[in-house]
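Welcome to a short tour. Open your viewer, switch on the cartoon style, and follow the stops below.

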Amino acid sequence: MRIVKSTQTKVCVDGSLMKEYALDEPLSLSFLTFLEHFGTVKRYPHLKRPYFSFEQEHFISVKGFSGDTTIEVRFRKENADLLADYFHLLLFYSREQEPGRQKMEGIIESIQKKLKTRMPGAGDAA
């Protein structure tokens with residue numbers, strides 16, 4: 001999976017930055033399973049259109065419909081410089097499964113160190 005278009009960017013009421021992306025293929029179960037290594041994935045398969053959300057505290061939240069090619073990604077505006085490419089990296093490394101997970105853990109550790117200098121305590125929970 002890869003991003004083919006950023007369709008919308010806006011600042012939300014809570015101060016977060018929301019980006020809507022169009023993907024080249026529908027969201028897969030293997031991608032959601034990959035995300036479980038880095039935060040909380042909630043799935044709602046009983047809905048008419050199966051919905052999911054992913055939350056990685058102090059990093060990003062991702063929401064969308066399983067099997068859809070459009071996804072909503074939010075992150076804190078003040079950390080946009082650190083997290084703007086984070087979702088791209090998750091998509092890229094999810095293809096590699098275990099080696100990709102290990103690479104993402106290194107990236108997360110690096111970002112956590114930077115977040116800690118900005119927001120003491122923020123880099124501890126990811």
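In this tour, helices of at least four residues and strands of at least two are runs assigned by DSSP, numbered from the N terminus. Keep in mind that you are looking at a predicted model.

**Stop 1: the whole chain**

Colour by secondary structure and you can find four helices and six strands. Walking from the N terminus, the order of the elements is β-β-α-β-β-β-β-α-α-α. The radius of gyration is 14 Å, close to the 14 Å that the globule rule gives for 126 residues, so the protein is as compact as a globular protein of that length. Along the principal axes, the C-alpha atoms fill a box of roughly 40 × 35 × 25 Å. Of the 126 residues, 39% count as buried.

**Stop 2: a loop glycine**

Next, select Gly-39, in the loop between helix H1 (29–35) and strand E3 (40–44). Is Gly-39 buried or partly exposed? Its relative accessibility is 27%, and partly exposed covers the range between 20% and 50%, so Gly-39 counts as partly exposed. Now add Ser-53 to the selection: Gly-39 and Ser-53 are 14 residues apart in sequence, and their C-alpha atoms are 10 Å apart in space.

**Stop 3: aromatic rings**

Show the side chains of the aromatic residues. A pair of rings is described by the distance of the centres and the angle of the planes. Across the whole structure, a search finds seven aromatic pairs. Zoom in on Phe-34 and Phe-38: their ring centres are 5.2 Å apart and their planes meet at 65°, which is over 60, so this pair is edge-to-face. Both Phe-34 and Phe-38 are buried.

Then select Tyr-21, Phe-31 and Phe-87 together, and you have one aromatic cluster. For a ring with a charged partner, pick Phe-65: Arg-49 lies over its face, at 4.0 Å from the ring centre.

**Stop 4: the largest pocket**

Finally, turn on the surface. Rolling a probe the size of a water molecule over the atoms shows where empty space is left. The largest pocket has a volume of about 180 Å³. Which residues lie nearest its centre? Select Asp-14, Ser-16, Arg-74, Phe-75 and Arg-76, which are among the 15 residues of the lining. Strand E4 (51–56), strand E5 (60–65) and strand E6 (70–76) each give two or more residues to this lining. The largest share, three residues, comes from E6. Colour the lining by class to see three nonpolar, five polar and seven charged residues.

Methods:
Residues are numbered from 1 along each chain as its sequence is written. This is a predicted model: local features need pLDDT of at least 70, side-chain atom pairs count only at pLDDT 80 or more; totals for chains, interfaces and linings use all residues. Side-chain values use heavy atoms; hydrogens and water are left out. On a 1 Å grid over the protein atoms alone, a cavity is a set of points where a 1.4 Å probe fits but cannot get out, and a pocket is an open set with protein on both sides within 12 Å along at least five of seven lines; lining residues have an atom within 4 Å of a point. Grid points are joined across faces, edges and corners, and a volume is the space filled by probe spheres set on the points. Ala, Val, Leu, Ile, Met, Phe, Trp, Tyr, Cys and Pro count as nonpolar, Asp, Glu, Lys and Arg as charged, and the others, Gly among them, as polar. Rings of Phe, Tyr and Trp (its six-membered ring) pair if their centres lie within 6.5 Å; planes under 30 degrees apart count as stacked, over 60 as edge-to-face and the rest as tilted. Buried means under 20% relative accessible area, exposed over 50%, partly exposed in between (1.4 Å probe, protein chains only). A charge sits over a ring if NZ of Lys or CZ of Arg is within 6 Å of the ring centre and within 35 degrees of the ring normal. The radius of gyration is taken over C-alpha atoms; the globule rule is 2.2 Å times the number of residues to the power 0.38.
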